[in-house]
Amino acid sequence: MVQTIGVIGAGTMGIGIAYVFAASGSHVTIVEPDPERAQGARTALIDQAAAAHARGKLNLAAREALGERLRFVLTIAELPDALDLAVEAVPERVDLKRLVLAEAEKHRPALLATNTSGITIGELAGALNHPQYFLGLHFFNPVWSMPLVEIVRGRHTHDTTVTAAEKAVTQIGKERIVVADTPGFATSRLGVAIGLEAMRMFEDGVASAEDIDRAMELGYRHPMGPIKLTDLVGLDVRLDIATNLADAYGPRFDPPQILRDKVAAGELGRKTGRGFYNW
């Protein structure tokens, strides 16, 4: 069992990862250098536990214990040594992720993971001394609701590391797929391709965002349309992933101008109140 976990970054994904492990019984240390953001993250986690209890998804004892299992620190240096698992969940920038992972590795976690959506494990592993214990754990937003975790195996990742990751995913009640280390893996490569084409269709005036989404929801049984999903994930996140995929695969992943313009204008989706939709 993963009894101790460190999560680096208290953004949307970091909060979700911290929640599912704390709800499963793990003690979670969250690294967040901004005290105000850390306080907001703690509030969000407690609120989510209350909501899960109200829906019958979390029993009263687990709800009450969850807050006690959470600890916030300001720096990676304050992470405990020999954690069962450390997960990096910072923005999709190679230089930042490499720096964070190298610092986290100094604390000798049994398993070190990145939550990247599209950067290759090999590119990030170059910053590490022990890449055999490193792999990708790609969670989906919202983490507490989405049933899948994509396990990404790097070239140097040991079999035992993959097995440990599979057990961790089972512990938090998720399903898993194991994929090879290629840019975009399986899910981001497919999902971003659909999302980018949907944005181009909107940009070209083919249909409204609502109708494009409805077409995929009703015609292809997608639970959420690709444009609304982009708003949920974050336009800035989608732009970062698309840029990385374009570097790897060429112009078919070039971000449309409307995506670049909205990110530049601070219209990042639900988290800012406006993206392709008004929230």
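A residue counts as buried when its relative accessible area is under 20%. With that cut-off in hand, this predicted model can be explored element by element.

Helix H1 is a good place to begin. Helix H1 covers residues 12–23 and is mostly covered, with ten of its twelve residues buried. The buried residues of H1 are Met13, Gly14, Ile15, Gly16, Ile17, Ala18, Tyr19, Val20, Phe21 and Ala22. From its first C-alpha to its last, H1 reaches 17 Å, which is close to the 16 Å expected at 1.5 Å a residue. Just after the helix comes Gly25, whose phi is positive at about 115°.

The next feature is the sheet. Strands of a sheet pair through backbone hydrogen bonds, in either a parallel or an antiparallel way. Here, eight strands form an open sheet with mixed pairing, and their order is E3-E2-E1-E4-E5-E6-E7-E8. Strand E3 (70–73) and strand E8 (175–180) are the edge strands, each pairing on one side only. From one strand to the next, the twist averages 25°. Within the sheet, strand E5 (residues 112–114) and strand E6 (residues 134–138) pair in the parallel sense over three bridges. Thr114 stands opposite Gly136 of E6. Helix H4 (residues 94–105) packs on this sheet, where it touches strand E1 (4–8), strand E4 (85–88), E5 and E6. The direction of H4 makes about 165° with that of E5.

A single residue in a loop also deserves a look. Gln132 lies in the loop between helix H5 (121–125) and E6. Is Gln132 buried or exposed? Its relative accessible area is 18%, so Gln132 is buried, given that the cut-off is under 20%. Leaving aside residues up to four places away in sequence, Gln132 touches His156, Thr157, His158 and Thr161.

Further along the chain lies helix H7, which spans residues 187–203. At 1.5 Å a residue, its 17 residues should span 24 Å, and the end C-alpha atoms are indeed 24 Å apart, so the two values agree. The buried residues of H7 are Thr187, Ser188, Val192, Gly195, Leu196, Ala198, Met199 and Arg200. Just after H7, Gly205 takes a positive phi of about 80°.

Three more helices complete the picture, starting with H8 and H9. Helix H8 (residues 209–219) packs against H9 at an angle of about 105°, and the axes are 7 Å apart. This angle makes H8 roughly perpendicular to H9. On the H8 side, Ala209, Ile212, Asp213 and Met216 meet Pro226, Ile227 and Lys228 of H9. By class, the residues of this contact divide into five nonpolar, no polar and two charged.

Helix H9 (residues 226–233) also packs with helix H10 (residues 235–249): their axes come within 6 Å and cross at roughly 100°. That makes H9 roughly perpendicular to H10. Here Pro226, Leu229, Thr230, Asp231 and Val233 in H9 meet Leu235, Val237 and Arg238 in H10. The contact of H9 with H10 has five nonpolar, one polar and two charged residues. Pro226 of H9 thus appears in the contact with H8 and in the contact with H10.

How values were computed. Residues numbered from 1 in each chain as written. Predicted model: local features only at pLDDT ≥ 70, side-chain atom pairs only at ≥ 80, totals over all residues. Heavy atoms only, no water. Helix = DSSP H or I, 4+ residues; strand = E, 2+ residues; numbered from the N terminus. Expected span 1.5 Å × (residues − 1). Buried < 20%, exposed > 50% of the residue type's maximum accessible area, 1.4 Å probe, protein only. Axes fitted to C-alpha atoms, helices over the stretch in contact; angles between N-to-C directions. Parallel < 35°, antiparallel > 145°, perpendicular 65-115°, else oblique. Contact = heavy atoms within 4.5 Å. Nonpolar A, V, L, I, M, F, W, Y, C, P; charged D, E, K, R; others polar. Pairing = 2+ DSSP bridges.
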